[in-house]
Amino acid sequence: MRRTWIALVVLGLAGLAGQEAAGHKLPNFPQVRLLGIEAGRDDLLSHRLKVEVRDPAGRAPLGGAEVTVRVIHAALGSVIRVEPVRLARAEEPGIYRGQVRFPRAGRWELTVEVVGRFVGDAHFTLEILAPIETDESQGAGKPDLPFDF
């Protein structure tokens with residue numbers, strides 16, 4: 001049975017692109033923005049993340065940092081969590097990418113930890129919605145009969 005999954009990022013009322021993290025606005029914390037999140041084609045619970053890290057003033061990209069993503073289920077806390085994922089440095093300065101696999105649909109809290117010239121963390125909320133069956137998938141594998149069984 002073929003299913004369609006929808007991923008929705010919940011970051012206030014604005015769209016995803018370029019959203020700053022919720023929480024910390026300390027003068028010595030790096031600025032972190034979640035630039036993109038994309039569901040995998042074969043594994044729809046797997047998502048590719050793209051994160052931008054800048055100095056505390058937001059002027060210069062922060063290269064050479066260790067950037068790790070920690071994920072826990074918002075409602076169940078640490079009962080359902082994902083192993084920490086270290087993001088890889090991209091070619092563009094201050095950009096980090098990685099892949100996170102969520103064990104199930106639901107609301108997830110992402111903590112992006114930055115360790116480098118500046119140290120800090122940032123928090124985001126991600127909503128992975130349950131699969132939605134399409135009309136196309138509801139009849140998959142059934143013979144074409146004038147009635148449904």
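This report covers the overall make-up, the salt bridges and a few selected residues of a predicted model.

## Overall make-up

The chain contains 1 helix and 9 strands. In sequence order the elements run β-β-β-β-β-β-β-β-β-α. The helix therefore follows the strands in that pattern.

The chain has 149 residues, and 36% of them count as buried. Its exposed surface comes to about 9,100 Å². Carbon and sulfur atoms supply 51% of that area. Contacts with a separation of 6 or more were also sorted by distance in sequence: 59% of them join residues 24 or more positions apart.

## Salt bridges around glutamate 52

The structure holds 7 salt bridges. One of them joins the side chains of glutamate 52 and arginine 33, at 2.5 Å from N to O. This pair links distant parts of the chain. Glutamate 52 sits in strand β4, and arginine 33 sits in strand β3, which spans residues 31-39. The two are 19 residues apart.

Glutamate 52 also forms a salt bridge with arginine 54. Here the closest N and O atoms are 3.1 Å apart. Arg33, Glu52 and Arg54 are thus linked in a network of salt bridges.

How does burial vary across this network? Glutamate 52 has a relative accessible area of 9%, so it is buried. Arginine 33 reaches 28% and counts as partly exposed. Arginine 54 has a value of 23%, so it is partly exposed too.

## The arginine 107 and glutamate 127 bridge

Arginine 107 forms a salt bridge with glutamate 127. The closest N and O atoms lie 2.9 Å apart. Arginine 107 belongs to strand β8 and glutamate 127 to strand β9 (residues 120-128), so the bridge ties together parts that are 20 residues apart in sequence.

Is each partner buried or partly exposed? Arginine 107 is partly exposed, because its relative accessibility is 39%. Glutamate 127 is buried, because its relative accessible area is 16%.

## Valine 114

Strand β8 covers residues 106-115 and includes valine 114. This valine has 0% relative accessibility, so it counts as buried.

Which residues touch valine 114, leaving aside neighbours within four places in sequence? The contacts are Pro30, Val32, Val53, Leu62, Ala65, Glu66, Val67, Val119 and Gly120. Val32 is 82 residues away along the chain. The C-alpha atoms of valine 114 and valine 32 are nevertheless separated by 8.7 Å.

## The aromatic pair

A search of the whole structure finds 1 aromatic pair. The partners are phenylalanine 102 and tryptophan 108. Their ring centres are 5.5 Å apart, and their planes meet at 55 degrees, so the pair is tilted.

Both rings belong to buried residues. Phenylalanine 102 has 0% relative accessibility, so it counts as buried. Tryptophan 108 is buried as well, with a relative accessible area of 0%.

## Histidine 73

Histidine 73 lies in strand β5, which covers residues 66-73. Its relative accessible area is 6%, so it is buried.

Which backbone atoms does the side chain of histidine 73 reach? One is the backbone nitrogen of alanine 75, which lies 3.2 Å from a polar atom of the histidine side chain. Another is the backbone nitrogen of leucine 76, also at 3.2 Å.

Leaving aside neighbours within four places in sequence, histidine 73 is in contact with Ile80, Arg104, Ala105, Gly106, Arg107 and Trp108. Trp108 is a partner in the aromatic pair. Arg107 takes part in the salt bridge with glutamate 127.

## Serine 46

Serine 46 is found in strand β4, residues 46-54. At 6% relative accessibility, serine 46 counts as buried.

The side chain of serine 46 makes a polar contact with the side chain of glutamine 99, at 2.5 Å. Setting aside neighbours within four places in sequence, serine 46 is in contact with Glu38, Ala39, Gly40, Gln99, Val100 and Arg101. Gln99 therefore appears both in the contact list and as the polar partner.

Technical notes
Residues numbered from 1 in each chain as written. Predicted model: local features only at pLDDT ≥ 70, side-chain atom pairs only at ≥ 80, totals over all residues. Heavy atoms only, no water. Phe/Tyr/Trp six-rings, centres within 6.5 Å; stacked < 30°, edge-to-face > 60°. Buried < 20%, exposed > 50% of the residue type's maximum accessible area, 1.4 Å probe, protein only. Helix = DSSP H or I, 4+ residues; strand = E, 2+ residues; numbered from the N terminus. Contact = heavy atoms within 4.5 Å. Polar contact = N/O pair within 3.5 Å; in protein donor to acceptor, adjacent residues only side chain to side chain. Salt bridge = Lys/Arg side-chain N within 4 Å of Asp/Glu carboxyl O. Areas by Shrake-Rupley, 256 points an atom, 1.4 Å probe, with all protein chains shown as cover.
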